[in-house]
Amino acid sequence: MKFKVHDMNIATGGSHIVVLHKKDARKIDSRSGDRILVKHGIHKLVCILDIAESKKEVSEGHIGLFEEVLDKLNLRHGAIVEVKFSGKPESVDHIRNKLYGKHLSYDELFHIADDITNDRLTDIEKTYFVSACFAHGLSHREIVDLTKALVNTGDKLKFSNITLDKHCLSGDTPVIVRNSSKVKVRGIGEIIDGVFDENKSEIVIKDGAEYVAKNPKNINVLTFGDDGVVKFAPVTGFFRVKSPSKLQEITLLGNRKVKVTPDHTVFTLKKGIITNVSAAELKVGDFVVVPSGINDNTTSLTEIKIESMENNRCKKTDLISITPEFMRLLGYYIAEGFTNEQGIFLNFGSHEDDLVDDAKKCVKSVFGFEPTINIPHPTAIRVTIYSQQLAKLFREKINAGCSALEKRIPAFVFDLSREMQLEFLRALFNGDGYTRRGYEAIYVTSSKQLSTDLQYLLSLMGMSVSLSASKAGKRMFPTGESKVEESYYIYTQAREIFGGRKQPNVSYLNLLPTKELGEVKVCEIKDYELKRAFKRNNYITKENLRKCSEALTCPDIKKIVYGNLAVLPVKGNDKVKATTSHVYDFYVEGYNKFMAGTAPMAVHNCIGGIPGNRTTMIVIPIIAAAGFTIPKTSSRAITSPAGTADTMECLAKVELPANKIKQIIKKVGACIVHGGSMNLAPADDKIIEVEHPLSIDAEGQLLASVMAKKYSVSATHVLIDVPMGNSTKAKTWKDAAHLKKMFEMVGKSLDMKVKVIVTDGSHPIGRGIGPLFEAEDVMSVLKNEHDAPQDLRKKALFMAGTLLEMTGKYKKGEGEKAAAQLLESGKAWVKMNEIIDAQGRQKKPAKGKFVHQVFSDKTGKIIAVDNDKVAKIARISGNPEDKGAGVILDKNVGDVVKKGELLYTVYAYSKVKLNLAVDYINHCCGYDVGKC
């Protein structure tokens, strides 16, 4: 079918799109998003169809062509073209398979990369590919294959000489989970193995571990949000990996324990800030975050459904109401009872008449008949409920265990009102516990599961809990020697269970260490005794901290004081032998933390991103000045205020064709250009365009993106900088070590010598944030100006020195000295100007004329600068598009600042953008100032 060309006079930004009137589209049986073949003479092109609803856009018999299609087919307005329906590219099927979590082969990834390169996919289809890789991850093989596919669908620069470039818990650890409205405490291995067994076809390899993203049973784990509120949140994914031979066993005050891999992190309170610390680095005396209650919006259960029960003894019912009598009966059963085929038996001491009477009353109230009283021996009384039906009920429905070693707290108890939980606990402690010193309630059990259940229940009720254990052995009794099982002693505060509290709770769960409160404005506290307590006491109660909340300056402290959190000191941290074949982890999106251990404590779940950090533009001229070839192709910013290409563009042209880049490298030995300006891994930049509005940077695509750029310029020696910090892609040593391993693995597969260094990414590097300001930092370092940012200079010299040593031309320890000499002699500065002139010197952008200064509201020492928040301020102000916008820092981590002293200045091109940035700053300025 033939159509007359209508020039739309619009560019799409790359995609090959044509428009037909809806009636014409119907004639060729095509819909929006379908592919059609447009042919003119010997030229033909597969294009994506869009539909015009009215004749105003495109009339019948015409085809609207955008600029990219006109240029590709060399067409003009009014020309005649032939149009045929064309099926969707094969790569759409591959993308669909990836969405289902399937592994893709090299050929399939090549098809996708080739179709992205040649604009055969719609933006939606490209977005689905990015989303699928982000959600399901890429296996080792897929990362290598995607890297090769990105390179092989573009050009490759070749150089003859050396070419440089840079760029879980133990399975038996208890956790508390909720699914289908049931709460239970189980080993994390038992839970995750069950998920893997039921979802074998969904298992993929992610971060070097088996991973399942499916959660059909809607499993929720206990976690806490940014507001400090403890709650259940849905699990997004499940990890399992072979266990190392040794683990770290962390013990808190009260003998809470958790076994984790050495690089797994737990959440601690340090100087007023909740931060995560690797298990191996955790020290005795550090304070670990634990729950002190729960904010659960789930409606408290008032009844439990059972199978219809009716005989001549029990009243007919298929429901058991949650009453005080039922909860006490359950408490007595778990403490003193057992079941067999005849019924339920509760054993009491002969002196416990009051408990016997209450147990009889409870049976009568709940089941409607009088139990039988037996005397098994002179010191014991047995309350007997002869009913096979009730015995089965307690074993199978209530699921409280049959014998002493099997006892556990039924799942529904965690979903009851506090009043009903207390009824249960009172009966439990009365039945098999005792009170010591008037304030300490102690429960004793031989069931390990029950001891763990009880610790979790007490914790979620906001009560203190401690544990001790006595080993199994033999003991002498009046009747002779007898074997005894291992026993567990759970300690809590008697007044919390039995009432009578008149003074504030002073358990450790309700105390905060004064040394970890951060800055407190003690001078503003009016209560003299309270003011003195801050100076004299090592701990202060939450009640007292609420009385002087205006004096607390650290937001995380307020989360603990007003939320459901507490802290307990580390009592021990030991290396222990692994007891399970695998280690496990939950992924909880949006929280990155969950509660685990014999009693709950907060643990963490399972490149780039630092504002400033423009070391590349210093390293390149140093290496080139040493006589080595170092072509640098860089990406633009995805989630940061500026990428290397954005920053270099303030000084020189970065959009250059391949032949021009070859000339520059031959002439000066180096370049710093935008990889998207030439046909080097062209699909990568189109993938980044999709990632940018989503603000995502999937690991597999990150690895493939970085390594494809290196591989496409024939890099033989590659240095990768992995910054580590809370606001970077590598938040912990575990993350950094994993990225290091992955980069080295990809490099080896591509026959490149790769070295990965892990650097401090906890705060911005340099003073400037934004393209212009980062470029000015770079030039001040290269010119050896006395006020150049020394942190940027130091890091760049270390990296340049490492690269020089990688060549084999410099011995270990000599590289950094040689790099410093090249910088201080001015040779690196001269080389940078050669690079700028060869690429085409640019007029420096103007600095934003709308300015806002941010001052410190207190005197002290800067203990943290939040990378994410400072970067966000720069982006709101206009980065990376507005190159002269952004932030200039006057103070950084470790600096001492006075009240009213300048912290940083924000620049913007418009008043509107500046006001948006100021609104964000008023909410959070990104700086944390503590005591000197």
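This briefing walks through the fold, strand pairing, charged contacts and surface of the protein shown above.

The structure is a predicted model, in which local features need pLDDT of at least 70 and side-chain atom pairs count only at pLDDT 80 or more, while totals for chains, interfaces and linings use all residues. Residues are numbered from 1 along each chain as its sequence is written, and side-chain values use heavy atoms, with hydrogens and water left out. The protein holds 28 helices and 49 strands; these are DSSP runs numbered from the N terminus, with at least four residues for a helix (H or I) and at least two for a strand (E). Of its 932 residues, 57% count as buried. Here buried means under 20% relative accessible area, exposed means over 50%, and partly exposed lies in between (1.4 Å probe, protein chains only).

**Strands and sheets**

- Four strands make an open, antiparallel sheet in the order E27-E28-E32-E29; two strands count as paired if DSSP finds at least two bridges between them.
- Strand E27 (433–436) and strand E29 (466–470) are the edges of this sheet, and each has a single partner strand, so one side of each is left without a neighbour in the sheet.
- From one strand to the next, the twist averages 25 degrees, with axes taken as lines fitted to C-alpha atoms (for helices over the stretch in contact) and angles running from 0 to 180 degrees between N-to-C directions.
- Four bridges join E27 to strand E28 (residues 440–445) in the antiparallel sense, and threonine 435 sits opposite alanine 441 in E28.
- Elsewhere, strand E35 (residues 565–577) pairs with strand E16 (residues 246–252) over seven antiparallel bridges, with glutamate 249 facing aspartate 574 of E35.
- E35 also runs antiparallel to strand E20 (residues 287–291), to which five bridges join it; here valine 290 has alanine 566 of E35 as its bridge partner.

**Salt bridges and a polar contact**

- Side chains of opposite charge can pair when their charged atoms come close.
- The whole structure contains 32 salt bridges, each being a side-chain nitrogen of Lys or Arg within 4 Å of a carboxyl oxygen of Asp or Glu.
- Glutamate 60 and lysine 23 form one of them, at 3.8 Å from N to O. This pair links distant parts of the chain, 37 residues apart: glutamate 60 is in the loop between strand E4 (43–52) and strand E5 (62–65), and lysine 23 is in helix H1 (residues 22–27).
- Glutamate 60 is partly exposed because its relative accessibility is 31%, and lysine 23 is partly exposed as well, at 40%.
- Arginine 328 and glutamate 423 meet in a salt bridge of 3.3 Å, N to O. Their pairing spans 95 residues, linking helix H8 (residues 324–336), home of arginine 328, with helix H11 (residues 418–432), home of glutamate 423.
- Both arginine 328 and glutamate 423 are buried, and they belong to a salt-bridge network with Asp358 and Arg426.
- Within helix H26 (residues 827–839), lysine 831 and glutamate 834 are three residues apart, about one turn of the helix. Their salt bridge brings the closest N and O atoms to 3.0 Å.
- The two partners in H26 differ in cover: lysine 831 is buried at 14% relative accessibility, whereas glutamate 834 is partly exposed at 33%.
- Arginine 240 lies in strand E15 (residues 237–242) and is buried, at 13% relative accessibility.
- The side chain of arginine 240 makes a polar contact of 2.9 Å with that of aspartate 193. A polar contact is a pair of N or O atoms within 3.5 Å; within protein, one must be able to donate a hydrogen and the other to accept it, and residues adjacent in sequence count only if both atoms are side-chain atoms.

**A covered helix**

- Helix H17 (residues 616–625) is mostly covered, with nine of its 10 residues buried; among them are Met617, Ile618, Val619 and Ile620.
- Just after H17 comes glycine 627, whose phi is positive at about 100 degrees.

**The surface**

- About 39800 Å² of the protein is exposed, and carbon and sulfur atoms supply 49% of that area. Accessible areas come from the Shrake-Rupley method with a 1.4 Å probe, and for residues only the protein chains shown count as cover.
- Leu99, Ile124 and Tyr128 make a nonpolar surface patch of about 300 Å². Patches are made of residues with over 30% relative accessible area and no salt bridge, joining like charges within 9 Å and nonpolar side chains (Val, Leu, Ile, Met, Phe, Trp, Tyr) within 5 Å.
- Isoleucine 124 of this patch lies in helix H5 (residues 123–136) and is exposed, with a relative accessible area of 58%.
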